[in-house]
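Thanks for sharing this one. Below are my notes as numbered points, to read alongside the coordinates.

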Amino acid sequence: MTAAPPIVLTVAGSDPSGGAGLQADLKTIHQHGAYGAAVPTLITVQDSLEVGRVELLPADLVRAQLSAVLSDLETAAAKTGALGSPAVARVLGSIMKESRFGWVVDPVWLPSRGAPLSRGDMVAAYKDAVIPYADLLTPNANEAGLLAEMPVRTLDDAQKAAERIASLGAAAVLIKGGHLEGADRGTDLLLRDGEVSVLKAAKIVPGRFHGTGCALSAAIASRLAFGEDLFAAVDGAKAWLAGALAHAFAVGKGAKPVNHLWPLDDKP
Ligand code: PXL
């Protein structure tokens, strides 16, 4: 008999080009050997160059999908990506509050290129309704700055912002450094249980990529579903991502997506 893999749920927007959002999450979850379940929150029209139209799904439709999946599937871990509206964020928060598995929350409001992925005051909605129930929040420096109400330019800023975000109720915070002053690309700051770790990428890969944050948060959620502790899950996900970026390939005329097919145990 085949042992059932753990179930990982993603709650995110659709990217029909397959580089980011729900599609990227499902591929990442599958690559990690877990079973992916997926609740779409919004539909984008996009190619590898930019996000065009964005249609938000009604909050009651997102709620019905979440109820259907979670009342039936024994979910081991979940991640969230673009939610689209404060109403969807509040629906999600009410479900997170009742659930017994871990949630990795990637706060996504803007794509790196094209139309916004949300309307309304998402910062307030995340603070009130989502962050208090997040096991790990994974903002980039810009998103962390909006949540912590301070500019995040250096690693010291990132530490202060992570502490402020943790005080909103997130159990752990991973601030993705990206281009922080005085730190290499791919250097992230993790705050958990009051302890700060600075994590460096196994390899610095220059270039612009599509769907990096989606793949990272989905990889962390998958590793948590297999029982890794938070630090090991973040560290392992970063190592896989370094290889997946180093071996990215173009699928169209725009930014290369993460190579979701990259093996878990190869060196970048
Ligand atoms: O990478 C952020 C992101 C998340 N979710 C969706 C997206 C994007 C960026 O384009 O389209 C649906």
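1. Where is Phe-249 found? Keep in mind that this is a predicted model. Phe-249 sits in the loop that runs between helix H8 (230-246) and strand S11 (256-257). With a relative accessibility of 40%, Phe-249 counts as partly exposed, because that class covers the range between the 20% limit for buried and the 50% limit for exposed. Phe-249 also belongs to a nonpolar surface patch together with Val-251 and Leu-261. The accessible area of the three together comes to about 310 Å².

2. Next, the salt bridges. How many does the structure hold? There are eight, and I picked out some of them for the points that follow. As background, side chains of opposite charge can pair when their charged atoms come close.

3. Asp-128 and Arg-90 form one of these salt bridges, and their closest N and O atoms are 3.7 Å apart. Asp-128 belongs to helix H4 (residues 122-130) and Arg-90 to helix H3, so this pair ties together parts of the chain that are 38 residues apart in sequence. Arg-90 has a relative accessible area of 40% and is therefore partly exposed.

4. Lys-176 and Asp-106 make another salt bridge, at 3.2 Å from N to O. Here too the pair links distant parts of the chain, 70 residues apart: Lys-176 is in strand S7 (residues 172-176), while Asp-106 is in the loop between strand S5 (102-105) and H4. Are these two residues buried or exposed? Both Lys-176 and Asp-106 are buried.

5. Lys-127 pairs with Glu-149 in a salt bridge whose closest N and O atoms are 2.7 Å apart. Lys-127 lies in helix H4, and Glu-149 lies in the loop between helix H5 (141-148) and helix H6 (155-166), so to speak a link across distant parts of the chain, 22 residues apart. The partners differ in class: Lys-127 is buried, with a relative accessible area of 18%, whereas Glu-149 is exposed, at 63%. The reason is simply the cut-offs, because buried means under 20% and exposed means over 50%.

6. Glu-149 deserves a second look for its backbone. Its phi is positive, about 55°, although Glu-149 is not a glycine. Asp-193 is also a residue other than glycine with a positive phi, in this case near 50°. Asp-193 is found in the loop between strand S8 (188-192) and strand S9 (195-199), and its relative accessibility of 74% means that Asp-193 counts as exposed.

7. On to the helix packing, starting with helix H2 (residues 59-72) and helix H3 (residues 86-98). Their axes are 9 Å apart and meet at an angle of about 25°. H2 and H3 are therefore roughly parallel to each other, since angles under 35 degrees count as such. Their crossing is right-handed. H3 is also the helix that holds Arg-90 from the salt bridge with Asp-128.

8. How do H5 and H6 pack? Their axes are 9 Å apart, and the angle is about 55°, so H5 and H6 are oblique to each other. The crossing of H5 and H6 is left-handed. The loop between H5 and H6 is where Glu-149 is found.

Technical notes: Residues numbered from 1 in each chain as written. Predicted model: local features only at pLDDT ≥ 70, side-chain atom pairs only at ≥ 80, totals over all residues. Heavy atoms only, no water. Patch = residues over 30% accessible without salt bridge, like charges linked within 9 Å, V, L, I, M, F, W, Y side chains within 5 Å. Areas by Shrake-Rupley, 256 points an atom, 1.4 Å probe, with all protein chains shown as cover. Salt bridge = Lys/Arg side-chain N within 4 Å of Asp/Glu carboxyl O. Helix = DSSP H or I, 4+ residues; strand = E, 2+ residues; numbered from the N terminus. Buried < 20%, exposed > 50% of the residue type's maximum accessible area, 1.4 Å probe, protein only. Axes fitted to C-alpha atoms, helices over the stretch in contact; angles between N-to-C directions. Parallel < 35°, antiparallel > 145°, perpendicular 65-115°, else oblique. Left-handed = near helix turned anticlockwise from the far one by under 90°.
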